[in-house]
Structure formats: C-alpha cells, structure tokens
2 protein chains.
Amino acid sequence: MARVRISDVAAAAGVSVTTVSLVLNDAPSRISQETRERVRAAADAVGYAPSSLARGLRQQRTNTVGLISDQIATTPYAGRMLAGAQDVARRHGQLVFLVDTEGDADVERAAIRALAAQQVDATIYASMWHRVVRVPEGLPRDAVFLDCTPEVPGFRSVVPDDRAGGAAAARELVGAGHRRIAFVNTADTVDRPIAADLRFEGYLSVLAEAGVAADPALYAEGEVSARGGRQAVSQLLDLPDEQRPTAIFCFNDRMAAGAYMAVRARGLRIPEDISIIGYDDQQLIAAEQDPPLTTVALPHYEMGRWAMEVALGIRAGETDATHQMECPVIRRDSVGPPPALVAKPSRRRTSHTERSHSATPER
Amino acid sequence: MARVRISDVAAAAGVSVTTVSLVLNDAPSRISQETRERVRAAADAVGYAPSSLARGLRQQRTNTVGLISDQIATTPYAGRMLAGAQDVARRHGQLVFLVDTEGDADVERAAIRALAAQQVDATIYASMWHRVVRVPEGLPRDAVFLDCTPEVPGFRSVVPDDRAGGAAAARELVGAGHRRIAFVNTADTVDRPIAADLRFEGYLSVLAEAGVAADPALYAEGEVSARGGRQAVSQLLDLPDEQRPTAIFCFNDRMAAGAYMAVRARGLRIPEDISIIGYDDQQLIAAEQDPPLTTVALPHYEMGRWAMEVALGIRAGETDATHQMECPVIRRDSVGPPPALVAKPSRRRTSHTERSHSATPER
DNA sequence: TCCAGGTGTTAAATCGATTTATCACGGGGA
DNA sequence: TCCCCGTGATAAATCGATTTAACACCTGGA
C-alpha cells in the first residue's frame with residue numbers, strides 16, 4: 001500500500017489540497033465549519049499522515065533535534081540525561097537524532113554535517129562526565145552543551161554544581177558531628193574531571209566554615225575504582241588513632257565501594273565506627289551496599305531536561321549563561337555520628353536499620 | 001548565511017543542476033572528466049551539502065532508522081545495545097532516531113506514527129531485558145525486535161541464548177569439580193523474564209549431562225537485588241554440611257553481590273569455600289567485587305549490531321528467524337575447585353590474584 | 001446597472017534535491 | 001548531400017507538503 005497523500009484526502013473530501021492543508025493545520029482562513037468537518041472526516045477515513053519530509057522541506061523546520069555525545073550510550077550514568085532530554089522533546093513533538101561519536105573527532109565532524117543536512121532545529125552536545133570540551137568546528141552557535149563546559153564562551157551549557165555538591169556532602173558529615181573528615185579523590189591527571197577539584201573545594205569551604213582545620217594527612221588519592229578507593233582508604237586507616245578520620249568523603253560511589261572493603265577488612269563497622277559518603281548515586285552500587293550508601297546525586301535527568309528545554313527555546317529567560325544544577329544528598333545508612341559521641345553510653349544508639357532505604361532525593 | 005543549494009554549485013561551475021547532481025552522486029552518465037572536476041571544485045568551494053530532506057523526499061529513501069525502546073535510556077544494561085546499533089548505522093551513513101517510550105502504549109503509538117511520517121528506512125523495536133512483547137499496532141512488518149521476542153511470529157528478532165548461557169555457567173562450575181551446585185533464581189512472577197526459566201533449564205541440562213541429580217533443596221528464589229540474593233543464599237547456607245552447596249549460580253550479578261554478602265557474613269571465603277557465578281556482566285558490580293565475579297555476559301553490543309545489520313538489509317541470509325546470540329562466560333576470580341578437592345594439601349592452590357581481570361570475552 | 005466588499009475556495013509557486021527524456025553538435029558512412 | 005549515431009549536457013517533471021495571491025460568487029447600496 002502506497003503512502004496516502006494530501007491529494008488523496010482532497011479527492012475524498014471533494015476539495016482542493018489547499019483546503020485540506022489549511023484545515024488540518026488550523027491555519028487562519030475562511031473555510032466553513034461544514035467543509036472543515038468533511039475534510040477531517042476524509043483525512044482519518046483514508047488514514048492520512050502528512051509527510052514530515054515534505055513539510056520540513058517547505059517550512060524549513062523539521063521538528064527534530066540532534067543530540068551528539070561522546071559516549072552517552074556506553075556509560076551507565078548518562079542514560080538519565082538522555083531520558084530527560086527525550087522526555088521534553090517528546091512532549092513538544094520533537095524527534096531526536098542520537099549520535100554517539102565515541103570520542104572520535106572525524107565521526108564528530110561527520111555527525112555535525114549529517115545533522116545539518118537533516119536541518120535539525122536544535123543541537124545538543126553532551127558529555128558523559130562533567131568536563132571542559134573543545135568546541136567542534138561547524139557546531140551551530142545555538143548548540144547547547146550538556147554536562148560539559150565549552151572551551152570558548154558564548155554557548156549555553158548546563159553542568160552539575162559539583163562545588164555545592166561537595167559542600168553538601170561535607171556538611172552532611174559535619175552536621176553529624178564529624179571533625180576528622182577525610183577526602184578521597186581521583187588521582188587522574190590526564191583529562192582530569194573538573195569535578196575532582198570542585199568537590200574538594202566545596203569540602204574545604206565547609207570545613208573552614210565549621211572552623212575545622214583541613215588536615216593534609218586526611219587527603220588521599222587513588223584510581224577511580226573500588227580497588228583505588230580501597231587502597232586510598234587503607235592508607236587513611238593506617239593513621240594513628242587520634243588522627244584517623246571518623247568520616248570519609250569519596251570522590252564517587254565506586255571508590256566508596258572500595259572504602260567499604262577497606263573498612264570491613266579492618267573489622268570496623270559502617271557507620272558506627274566510620275561514616276562514608278559517596279558521589280554520583282549509582283543505583284547499582286550505592287543502593288546495593290551493605291549498609292546502603294549515603295551519597296550525592298548527579299542531576300542527570302534534570303540536566304537533560306534543561307538542555308532540551310533551552311535548545312527548543314522553551315526556557316526563554318536563560319540566554320547564554322552556564323547553568324549549574326543542584327546535586328542533592330541522598331541519605332541512606334552509611335553516615336552516623338562519630339564513635340566518640342556515641343561510645344559513652346556503651347550501647348544506646350537508636351537503631352539505624354529503619355532509616356530510609358529509598359533513593360528519593362529530598363527537596 | 002543561507003543554505004547553499006545545488007543551484008549555487010551549478011552557477012559557480014557554469015553547468016546545470018542536473019550535471020551537478022549527476023557528478024556528485026556518481027550516477028552513470030556521460031559527463032566529461034573535466035566537467036566533473038570543475039563541479040567538484042565548485043561544490044567544495046561554496047561548501048555545498050545536499051539537503052537530506054529534499055533528497056529523501058525525491059528518492060523516498062531517508063537514510064534514517066527509527067529505534068523504539070521501552071526504557072533503553074534508563075537502564076545501564078542497554079547502552080551497549082544502542083552503541084552496537086549506532087555503530088553499524090554510522091558506518092552505513094544512517095542516522096538514528098531514538099525514541100524512549102517509557103513503556104507507555106500511547107507514547108509508543110505516537111512514536112510509530114512519527115517515525116512513519118519521517119519515512120524511516122528501517123525500524124528496530126528494543127527491550128531492555130529479554131522478554132516476550134506484544135507487537136504494537138502499526139509497527140512496520142519489517143521491523144526488527146531487539147532483545148525481545150514478538151508475541152506473534154513473522155518478525156525478525158535477536159535475543160540472547162539464555163539457555164546456552166545458563167548451561168555455560170553450570171558447565172563452568174561442573175568443570176571446576178563441583179557437584180552440589182545451587183541455583184538462585186528471581187522470584188518475579190509478574191512479567192517474569194524468560195531468562196529465568198531458560199537459564200535454569202540450561203543449568204539442569206548440564207547437571208543431567210554430568211550425571212548429577214538436581215537437588216530441589218539447592219534451588220532458591222529471591223527478589224532481584226543484593227538483598228534478595230543475600231536472603232536466598234543465606235537459606236542455602238543453612239543447609240546441613242553434607243548438603244550445602246559448594247557453588248552457587250545466581251540469576252544475575254546483583255543477586256550474586258548479595259551472595260557475596262551472605263557468604264562473608266558466615267566467615268566463608270570466595271572461591272576457596274564457595275564458588276559463585278553470576279549473569280549479566282555488569283561492570284560496576286561484577287568487576288568491582290572482591291574477588292572479581294566470574295559471570296556470563298549478555299552480548300548487548302553484538303545484539304545491537306545484529307539488529308541494525310538485519311534492519312538495514314546488510315545481513316542478507318537471516319530472513320525471518322529468531323536469532324539467538326551466544327552469552328560468553330567471563331572468567332574472573334569467584335570460581336575455584338570445591339573445598340573437598342583442595343583441602344587435602346592444606347595450602348597449595350596457585351594464587352588466584354593473577355588471573356585475568358579484564359572483561360574481554362573469550363572467543 | 002454597476003461596483004464595492006465580504007465569503008469560501010483554489011491555482012500556482014515554492015522548498016531542494018533526483019531522474020527522465022530530450023536537445024545540440026560533430027563525425028562518418030552511403 | 002543526407003542521415004544516423006555517439007557524445008556531452010540540460011530542461012522539465014517529480015517527490016508531498018505549505019503558502020501566497022487570486023478567483024468566483026453573492027449581497028447590498030448608489
């Protein structure tokens with residue numbers, strides 16, 4: 001069965017194609033009510049669906065968005081970003097072209113050309129982790145950067161507020177009464193994530209604000225993995241008792257999982273002996289630890305939404321600035337008061353088992 | 001700057017648009033070599049890129065593929081599927097429309113209509129986990145099902161061979177010398193994954209083939225999560241010594257992570273006292289366990305490739321059958337010989353630390 | 001009777017390519 | 001000289017919509 005064209009509808013309704021077009025698009029015109037109904041009836045009698053191609057060609061507007069990303073598909077993080085962007089697009093009748101460049105510059109160039117050839121109405125350039133990216137040549141000036149900051153200014157972008165997130169995590173620990181709070185950072189030096197420094201800065205600012213001196217001995221680095229976290233935390237636990245941290249803020253959940261291992265290996269308990277907080281809120285890690293890991297969530301879904309809304313011109317206000325998005329603390333069971341404050345009445349802590357196991361962020 | 005049209009190239013080269021079109025598309029014609037070069041030079045002098053819209057309209061061929069999925073973006077699994085599909089598409093000059101329906105039937109219908117309006121050349125319908133799906137009305141007959149089996153026959157589809165995968169896992173344990181091998185399954189009853197039964201069948205077949213009687217006591221179920229796995233495995237470990245399993249095959253890696261917890265809680269060691277094998281090869285779980293988890297990989301990337309290749313008509317042979325794809329065992333360090341076989345020479349096993357930590361599937 | 005003005009509808013141009021059918025020209029054979 | 005044929009290039013139709021400008025008809029007032 002061949003495609004149903006607008007002329008078929010016109011024939012069925014006994015009118016011209018102009019009339020059909022005007023009616024179906026609710027264009028301002030003087031078509032009588034009776035004719036309108038006849039056209040509409042004919043249209044769905046023959047099962048008419050206008051060709052987006054033809055319409056796009058004529059209108060120079062395609063209702064499609066291009067989403068270019070370095071590895072969005074291969075990382076567990078960024079699916080949520082995609083989902084957020086997708087969601088907004090769908091609600092506004094847009095279809096999205098997804099291109100995964102796998103970080104290859106040639107592929108990237110080709111993708112940009114292909115999307116231009118398709119005359120996408122908007123372009124989003126996404127990274128799977130927060131970093132500074134070179135602006136690929138040929139990228140439209142109105143492209144929106146998602147989870148990355150363009151090297152040159154003048155573009156709109158949305159990134160997580162990792163500094164505030166780092167502060168929030170530290171505040172969580174300070175608030176629980178901790179004073180000796182270690183920071184376990186990534187040792188990555190090439191292509192180092194901005195987040196590494198930002199989270200650390202946030203942590204430092206909260207320590208300062210709480211009047212706690214930052215102890216260089218309470219800083220450790222490791223490779224971003226459970227093993228790296230384990231090694232780094234092992235070092236920290238080797239410190240003499242009075243210097244040993246009572247809480248550890250890990251760069252991310254993978255390293256936090258390693259922290260669990262190191263802590264367990266010493267026969268210490270979480271959070272009774274040591275509190276741990278992670279970052280990223282990776283469901284498969286954080287929620288599945290024993291006890292479930294308190295962590296800071298990256299607002300991937302929200303960033304995806306934001307980027308698409310800006311790209312489609314729905315958020316009129318935000319023009320060209322970089323938007324920073326809040327990273328909420330997800331409270332689970334790995335943070336408690338430091339042992340000193342609890343040890344006194346020997347066995348009197350309220351049970352920790354009944355805390356929230358859900359991953360719902362607080363607002 | 002307005003779009004560069006083919007007529008601009010024609011003007012620049014001093015020829016007709018027909019000539020330009022024929023030259024740039026390498027169409028069989030009698031254009032002289034000299035003219036060809038002139039046209040090509042003019043084309044990239046003015047920076048011409050043909051409009052995919054116009055070309056698509058004329059040719060009734062768009063070089064785009066629609067990929068509809070229930071939640072592909074929100075699950076960590078399926079990113080690899082997307083990557084595989086994407087990869088093939090890119091290599092063949094196709095652009096892919098990604099639509100995430102979030103399982104909503106209305107959204108699905110709308111997506112199918114929108115993709116039809118865009119005149120996509122091919123359609124892939126993907127699920128994030130292996131199951132039987134209802135065929136949405138309006139889906140083109142030549143659509144390819146990815147990681148799911150359509151309720152009605154006549155469609156092409158690709159799924160993991162979970163039966164063979166289950167067998168491979170069991171064989172891994174039998175091969176290591178185990179005889180008391182437990183199976184920890186999902187307790188899911190609503191919308192139960194086909195994989196649950198298939199993996200179990202595979203396991204049973206290997207037991208039979210090895211002459212080992214299946215012991216109903218060695219079957220347990222739980223919710224699909226670390227907690228569920230932990231509870232189920234705890235039960236198994238409660239069995240009297242001579243009946244207790246020496247190896248446990250878990251429905252997936254999340255449950256296997258729970259198994260680790262249960263085993264550790266008893267003060268037992270992996271794999272010295274108990275071997276564990278998982279399924280899915282979720283990097284964030286399997287590779288990060290201590291010791292790293294031996295598991296069976298779902299060939300998501302390969303399935304994605306296959307689906308796209310079939311959709312684009314690159315794989316001519318495979319016409320309408322369901323294709324089952326091999327699930328390779330990923331050997332890490334959680335499987336060893338049963339304690340009885342090892343205990344004798346007290347301390348003589350070769351170190352397990354130097355085994356492959358890489359996730360490369362063997363071929 | 002003629003024209004102005006309003007109402008309902010449509011013919012034709014357009015978007016930017018591809019593709020079919022045709023044209024112009026020159027050389028060689030009868 | 002005339003015709004045929006091969007070579008090189010192009011005019012025009014087409015894909016399926018939207019949109020502009022115009023047409024036909026009717027009513028009422030001068």
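The exercises below, with worked solutions, concern a predicted model and treat a helix pair, the contact between two chains and the surroundings of a DNA strand.

**Exercise 1.** Determine how helix α5 (residues 79-91) of chain A and helix α12 (residues 300-311) of chain A are oriented to each other, and which residues make their contact.

Solution.
1. Two packed helices are described by the angle between their axes and the distance between the axes.
2. For α5(A) and α12(A), the angle is about 40 degrees and the axes lie 6 Å apart.
3. Angles under 35 degrees count as roughly parallel and those from 65 to 115 as roughly perpendicular; α5(A) and α12(A) are therefore oblique to each other.
4. The crossing of α5(A) past α12(A) is right-handed.
5. On the α5(A) side, the contact involves Arg80(A), Met81(A), Leu82(A), Ala83(A), Gly84(A), Ala85(A), Asp87(A), Val88(A) and Ala89(A). On the α12(A) side, the residues are His300(A), Tyr301(A), Glu302(A), Met303(A), Gly304(A), Arg305(A), Ala307(A), Met308(A) and Glu309(A).
6. Sorted by class, the residues of this contact are 10 nonpolar, three polar and five charged.

**Exercise 2.** Find the operation that superposes chain A on chain B, and state what it implies for the relation of the two copies.

Solution.
1. Chain A is brought onto chain B by a rotation of 180 degrees, with 0.0 Å of shift along the axis and an RMSD of 0.1 Å.
2. The two copies are thus related as by a two-fold rotation axis.
3. Of the interface residues of chain A, 100% are also interface residues in chain B, so the copies meet through the same surface.

**Exercise 3.** Describe the side of chain A that touches chain B by residue count, contributing elements and class.

Solution.
1. Chain A puts 41 residues into the contact, and chain B puts in 41 residues.
2. The elements of chain A that each supply at least two residues are α4, α5, β2 (95-100), α6 (105-117), α10 (253-265) and α11 (283-286).
3. Among these, α5(A) gives the most, with six residues.
4. The classes on this side of chain A are 22 nonpolar, 12 polar and seven charged residues.

**Exercise 4.** Identify which residues come nearest to DNA strand C, and which helices supply the surface near the strand.

Solution.
1. There are 28 residues around DNA strand C, and Val15(A), Arg5(B), Ile6(B), Ser21(B) and Ala54(B) come nearest.
2. At least two residues each come from α2 (17-24) and α4 (52-59) of chain A, and from α2 (17-24) and α4 (52-59) of chain B.
3. α4(B) gives the most to this surface, with five residues.
4. The class split is 11 nonpolar, 11 polar and six charged residues.

Terms used. Residues numbered from 1 in each chain as written. Chains lettered and ligands numbered in written order. Predicted model: local features only at pLDDT ≥ 70, side-chain atom pairs only at ≥ 80, totals over all residues. Axes fitted to C-alpha atoms, helices over the stretch in contact; angles between N-to-C directions. Helix = DSSP H or I, 4+ residues; strand = E, 2+ residues; numbered from the N terminus. Parallel < 35°, antiparallel > 145°, perpendicular 65-115°, else oblique. Left-handed = near helix turned anticlockwise from the far one by under 90°. Contact = placed C-beta atoms within 7 Å. Nonpolar A, V, L, I, M, F, W, Y, C, P; charged D, E, K, R; others polar. Near = placed C-beta within 6 Å. Least-squares fit on C-alpha atoms with pLDDT ≥ 70 in both.
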